[in-house]
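Open the model in your viewer and keep the sequence panel beside it. This tour moves from the overall fold to single residues.

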Amino acid sequence: MKKTNFDRYLKEQLKDPAFAARFMRAGEAWDVALQIAALREQAGLSQKDLAKLLKTSQQQVSRLESPGYEGHSLSTLRRVAEALHAQVRIVFEPANAKAMRVAESAASYRAKRARTSQEKKGA
């Protein structure tokens, strides 16, 4: 894939440890927000529906699904997970880990993958 100006700019900016740290925190917030929204949509619920299950407001659910919101408490995340028939899993990784996680990681959203022809033959 051809590198864009933004790719080159981001690569340069990530050399700055302070920027890299902010970038990682932003990616974590995106992960949480996108996972909550995806689980809610998979359950066929609107924000208002989920709010009723959580005994809170639609605005609070919207806040939880906002990538800029960083006020998620563990107890709130557990309540959301229970309402959406999911579980909360928190992973601590070494600060010097080389691989960077990004919000778009398919594994984070439990994306279903198509079975290969080899798997179909074995089934």
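## Whole chain

Colour by secondary structure. From the N terminus on, the elements run α-α-α-α-α-α. That gives 6 helices and 0 strands. Keep in mind that this is a predicted model.

Next, show the surface. The protein exposes about 9700 Å², and carbon and sulfur atoms supply 55% of that area. Now colour by burial. Of the 123 residues in the protein, 22% are buried.

How do the contacts spread along the sequence? Take the contacts between residues at least 6 apart in sequence: 55% of them join residues at least 24 apart.

## Stop 1: where α3 meets α5

Select residues 47-54, helix α3, and residues 74-83, helix α5. Two packed helices are described by the angle between their axes and the distance between the axes. Here the axes come within 10 Å and cross at roughly 110°. Angles of 65 to 115 degrees count as roughly perpendicular, so α3 and α5 are roughly perpendicular to each other. The crossing of α3 past α5 is right-handed.

Now show side chains. Which residues of α3 and α5 meet? On the α3 side, pick Leu-50, Leu-53 and Leu-54. On the α5 side, pick Arg-79, Val-80 and Ala-83. By class, this contact has 5 nonpolar residues, 1 charged residue and no polar ones.

## Stop 2: two loop residues with positive phi

Step to Lys-55. This residue lies in the loop between α3 and α4, the helix of residues 58-64. Check the backbone: phi of Lys-55 is near 55°, a positive value in a residue other than glycine. Is Lys-55 buried or exposed? Its relative accessibility is 76%. Exposed means over 50%, so Lys-55 counts as exposed.

Jump to His-85. Find this residue in the loop between α5 and α6, the latter spanning 117-122. Phi of His-85 is near 55°, again a positive value in a residue other than glycine. His-85 is exposed, with a relative accessible area of 77%.

## Stop 3: along α2

Select residues 17-42, helix α2. Three residues in this helix are worth a click: Glu-28, Trp-30 and Ala-38.

Start with Glu-28. Its relative accessible area is 41%, so Glu-28 is partly exposed. Draw a distance from its C-alpha atom to that of Glu-70. The two are 42 residues apart along the chain, and their C-alpha atoms are separated by 9.2 Å.

Move on to Trp-30. At 41% relative accessibility, Trp-30 counts as partly exposed. Which distance separates the C-alpha atoms of Trp-30 and Ser-66? The viewer should read 7.7 Å, for a pair 36 residues apart along the chain.

Finish at Ala-38. Is Ala-38 buried or partly exposed? Its relative accessible area is 22%. Buried means under 20%, so Ala-38 is partly exposed. Draw one last distance, to Glu-65. The C-alpha atoms of Ala-38 and Glu-65 are separated by 9.4 Å, with their positions 27 residues apart along the chain as the offset.

Notes: Residues numbered from 1 in each chain as written. Predicted model: local features only at pLDDT ≥ 70, side-chain atom pairs only at ≥ 80, totals over all residues. Heavy atoms only, no water. Helix = DSSP H or I, 4+ residues; strand = E, 2+ residues; numbered from the N terminus. Buried < 20%, exposed > 50% of the residue type's maximum accessible area, 1.4 Å probe, protein only. Contact = heavy atoms within 4.5 Å. Areas by Shrake-Rupley, 256 points an atom, 1.4 Å probe, with all protein chains shown as cover. Axes fitted to C-alpha atoms, helices over the stretch in contact; angles between N-to-C directions. Parallel < 35°, antiparallel > 145°, perpendicular 65-115°, else oblique. Left-handed = near helix turned anticlockwise from the far one by under 90°. Nonpolar A, V, L, I, M, F, W, Y, C, P; charged D, E, K, R; others polar.
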